[in-house]
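This report goes from the whole chain to single helices, then to selected residues and a surface patch.

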Amino acid sequence: MSHYEASIREPLVLGDKSYHDITEDIAKPIEGKANKNWYIAFYISLAAMLWGFGCIFYTVGTGIGVWGLNKNIGWAWDITNFVWWVGIGHAGTLISAVLLLFRQKWRMAINRSAEAMTIFAVFQAGLFPIIHMGRPWNGYWVMPIPNQFGSLWVNFNSPLLWDVFAISTYLSVSLVFWWTGLLPDFAMIRDRAVKPFQKKIYALLSFGWSGRAKDWQRFEEVSLVLAGLATPLVLSVHTIVSMDFATSINPGWHSTIFPPYFVAGAIFSGFAMVQTLLGIMRKVTNMEDYITRMHVEYMNIVIILTGGIVAVAYATEFFIAWYTGSPYENYTYLSVGAATGPYAWAFYSLLFFNILTPQILWFKKIRRSFIWSFIISIFINIGMWFERFDIIAIVLSKGHLPSTWWRFEPTFVDVGIFIGTIGFFFVLFLLYARTFPVIAQAEVKTILKSSGEFYKKRLAQGIPTKPTIVIAEKKIIEVDSSDKNIKE
């Protein structure tokens with residue numbers, strides 16, 4: 001990799017960092033004690049998680065009747081949450097796979113946490129269809145396996161079954177990708193570990209990584225292959241989730257725009273969640289020198305792009321609803337259905353959070369601000385939840401037959417389970433931040449000499465950063481001329 005990069009580019013690693021400093025900084029949250037911010041975030045998340053688990057046990061013990069579902073609206077809050085969580089997982093794969101193939105340097109500081117976010121989000125998403133069955137102990141029925149009912153097989157024509165395949169494939173590929181990237185970092189923690197038990201655990205986790213050239217060669221090859229496999233998954237998973245709706249005959253659902261619209265929305269909400277998490281993680285693990293304004297700005301540019309695609313998709317939906325001349329489509333979208341009906345508040349919230357709010361990011365000052373990015377990312381997360389709620393609740397509440405019209409109102413159990421999954425997600429993420437290296441140190445080291453602040457300054461001053469030969473005490477030593485501490 002070249003040591004040179006245009007000096008006009010801002011550094012991606014701030015401060016006077018050497019390779020050793022990077023190792024120290026990234027190992028610190030694991031080897032040291034957690035700071036106060038970590039404990040505050042953890043206990044709040046744990047309380048939310050326990051409340052959610054209580055609501056899940058109550059649902060399973062009593063029945064689905066404790067939710068706000070009714071004879072007409074069989075999907076509502078739970079499937080809204082399912083689609084929302086699956087969407088949030090998309091940015092991790094996009095950052096780690098697509099940006100790896102495009103050789104983007106800025107992904108290196110954020111890919112590890114984005115991949116972890118993908119896996120934890122898919123865990124939350126998978127909970128909802130299982131609870132929604134009402135009898136979660138029969139969950140294995142969705143798998144095409146020989147069973148006790150003779151020749152009873154799942155319906156391979158159903159998009160709900162495609163969902164099971166898509167999500168399980170997505171989870172397994174993401175998990176392998178994430179773990180492969182972690183191997184050199186686990187080995188680094190293993191070699192630094194003082195306690196024998198900790199050394200044993202990290203030795204197991206690192207799969208005997210030794211750091212030989214052969215290890216690195218295989219690592220690079222496997223990363224590229226997995227990136228190639230994961231890239232189609234970015235598109236396919238949410239496409240299949242959209243087919244849960246698009247293959248039905250409900251007005252407002254049977255639309256060919258759903259697959260690209262859902263994928264763009266997923267990347268949009270996924271990047272927003274990465275912004276939210278990195279805003280918290282910078283403070284909790286003291287990684288301000290590695291997650292910089294440049295990272296925030298690049299992610300905000302992706303948010304502007306995908307937000308624009310989502311806005312065009314909304315406009316297309318409304319135009320087609322009017323252009324088809326179908327009174328049912330027209331009704332669902334334009335009149336009592338969305339814009340002026342009982343769910344109008346959700347509809348206008350969606351427009352405000354998803355279309356108007358991201359436009360503020362066109363201003364460079366706001367795009368580069370940590371606080372503004374954090375606030376806008378939370379707004380987008382709320383807006384994308386409303387999008388899924390509108391698609392599901394509005395369409396099901398107004399079907400072809402007026403006699404089947406019904407309203408959905410969530411109960412405290414619906415709300416409790418959702419808040420519980422948010423708590424569970426953050427509990428997993430905070431525990432991960434204390435036990436796993438949150439930044440891919442091996443990858444950040446590869447860009448230190450081209451994108452590190454210290455090296456860029458030296459280059460701007462015309463000081464060489466290539467190795468030179470120094471003669472000291474009649475011994476020839478090869479050192480890095482830009483190293484701050486030249487030692488024998």
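## Basis

Helices here are DSSP runs of H or I with at least four residues, and strands are runs of E with at least two; both are numbered from the N terminus. The model is a predicted one.

## The chain as a whole

The secondary structure consists of 18 helices and two strands. The chain has 488 residues, and 53% of these count as buried.

Contacts between residues with a separation of 6 or more are made up to 80% by pairs that lie 24 or more positions apart. About 22600 Å² of the chain is exposed, and 68% of this area is supplied by carbon and sulfur atoms.

## Helix α15

Helix α15 covers residues 412-435. With 24 residues at 1.5 Å a residue, a span of 34 Å is expected, and the end C-alpha atoms of the helix are 34 Å apart, which agrees. The expected value uses one less than the number of residues.

How much of α15 is buried? The count is 17 of its 24 residues, so the helix is largely enclosed by the rest of the structure.

## Q124 in helix α5

Q124 belongs to helix α5, which runs over residues 111-132. The relative accessible area of Q124 is 0%. Buried means under 20%, so Q124 falls in that class.

Which residues does Q124 contact, once neighbours within four places in sequence are left aside? They are W85, T421, F424, F425 and L428.

## L94 in helix α4

L94 is located in helix α4, residues 90-101. Its relative accessible area is 14%, and L94 therefore counts as buried, the limit being under 20%.

Not counting residues up to four places away in sequence, L94 touches L99, V234, I267 and F271. The C-alpha atoms of L94 and E115 are separated by 9.1 Å, and these two residues are 21 residues apart along the chain.

## A nonpolar surface patch

A nonpolar patch on the surface is formed by Y140, W141, M143, I145, F149, L152, W153, F156 and F165. Together these residues have about 880 Å² of accessible area.

Among them is F156, which is placed in the loop between α5 and α6 (159-192). Is F156 buried, partly exposed or exposed? Its relative accessibility is 45%, so F156 counts as partly exposed; that class lies between the limits of 20% and 50%.

Definitions and conventions:
Residues numbered from 1 in each chain as written. Predicted model: local features only at pLDDT ≥ 70, side-chain atom pairs only at ≥ 80, totals over all residues. Heavy atoms only, no water. Buried < 20%, exposed > 50% of the residue type's maximum accessible area, 1.4 Å probe, protein only. Contact = heavy atoms within 4.5 Å. Areas by Shrake-Rupley, 256 points an atom, 1.4 Å probe, with all protein chains shown as cover. Patch = residues over 30% accessible without salt bridge, like charges linked within 9 Å, V, L, I, M, F, W, Y side chains within 5 Å. Salt bridge = Lys/Arg side-chain N within 4 Å of Asp/Glu carboxyl O.
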